[in-house]
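Biologist: Hi! I'm new to this one, could you walk me through it?
Modeller: Happy to, here it is.

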Amino acid sequence: MKLKQISVFLENKKGRLKNAIHTLSEAGINIRALSIADTSEFGILRMIVSDPVKAKEVLEENNFVVRVNDVIAVEVPDEPGGLDGILAVLTDHDINVEYIYAFVEKKGEKAVVVIRTENVDDGINALEDAGIPVLSSEDIYIL
């Protein structure tokens with residue numbers, strides 16, 4: 001299943017990140033995972049949130065530039081080599097990974113990896129064909 005990710009373009013200025021997070025907080029939106037990629041002038045805040053549609057709406061109302069992208073989420077054993085197996089499947093199917101980030105479940109037995117591939121459908125099919133379950137947004141919130 002595809003998971004919706006919010007990408008927020010932030011000027012690399014004091015308080016801009018805090019303002020984005022505060023906007024989501026005030027709207028009652030929970031952030032389940034996040035990653036920031038930056039340059040000297042701007043950053044991209046990528047998040048898995050409880051309500052992507054509402055998050056996009058409230059952020060845009062507060063003058064943030066927002067995109068919603070499809071990504072893949074899978075559980076990975078939280079042990080050496082856990083991620084290697086997932087990446088091997090994608091590499092064997094000639095699927096390029098654009099970026100990746102992870103978070104650990106509260107139990108700490110598995111990590112959840114969020115993956116953006118050039119073709120998300122191909123990535124999902126390759127992982128499922130290899131017997132790797134792809135998580136839904138509902139799965140992310142019951143971990």
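Biologist: Let's start with E75. What stands opposite E75 in β6?
Modeller: E75 stands opposite V112 in β6. Strands here are DSSP runs of E with at least two residues, helices are runs of H or I with at least four, and both are numbered from the N terminus.

Biologist: Anything I should know about the model itself?
Modeller: This is a predicted model, where local features need pLDDT of at least 70, side-chain atom pairs count only at pLDDT 80 or more, and totals for chains, interfaces and linings use all residues. Residues are numbered from 1 along each chain as its sequence is written, and side-chain values use heavy atoms, with hydrogens and water left out.

Biologist: Back to the strands. How many bridges pair β4 and β6?
Modeller: Six, in the antiparallel sense, with β6 covering residues 110-117. β4 also pairs antiparallel with β1, over seven bridges, and there V8 stands opposite V66. Two strands pair if DSSP finds at least two bridges between them.

Biologist: In what order do the six strands of the sheet come?
Modeller: The order is β2-β3-β1-β4-β6-β5, in an open sheet with antiparallel pairing. β2 and β5 (97-104) are the edge strands, each pairing on one side only. The twist averages 30° from one strand to the next.

Biologist: Now N69, is that buried or exposed?
Modeller: N69 counts as buried because its relative accessibility is 11%. Buried means under 20% relative accessible area, exposed over 50%, and partly exposed in between, using a 1.4 Å probe and protein chains only.

Biologist: And what does the side chain of N69 make a polar contact with?
Modeller: With the side chain of S7, at 3.2 Å. A polar contact is a pair of N or O atoms within 3.5 Å; within protein, one must be able to donate a hydrogen and the other to accept it, and residues adjacent in sequence count only if both atoms are side-chain atoms. S7 also stands opposite R46 in β3.

Biologist: Switching to α1, which residues are buried there?
Modeller: R16, A20, T23 and L24 are buried in α1, residues 16-26. They sit on the same side of α1 because they cover an arc of only 95° around the axis, the arc being that of the directions from the helix axis to the C-beta atoms. K18 and E26, on the other side of α1, are exposed.

Biologist: What do the buried residues of α1 pack against?
Modeller: They pack against β1 (3-11), β2 (31-38), β3 (42-49) and α2 (52-61), where contact means heavy atoms within 4.5 Å.

Notes: Axes fitted to C-alpha atoms, helices over the stretch in contact; angles between N-to-C directions.
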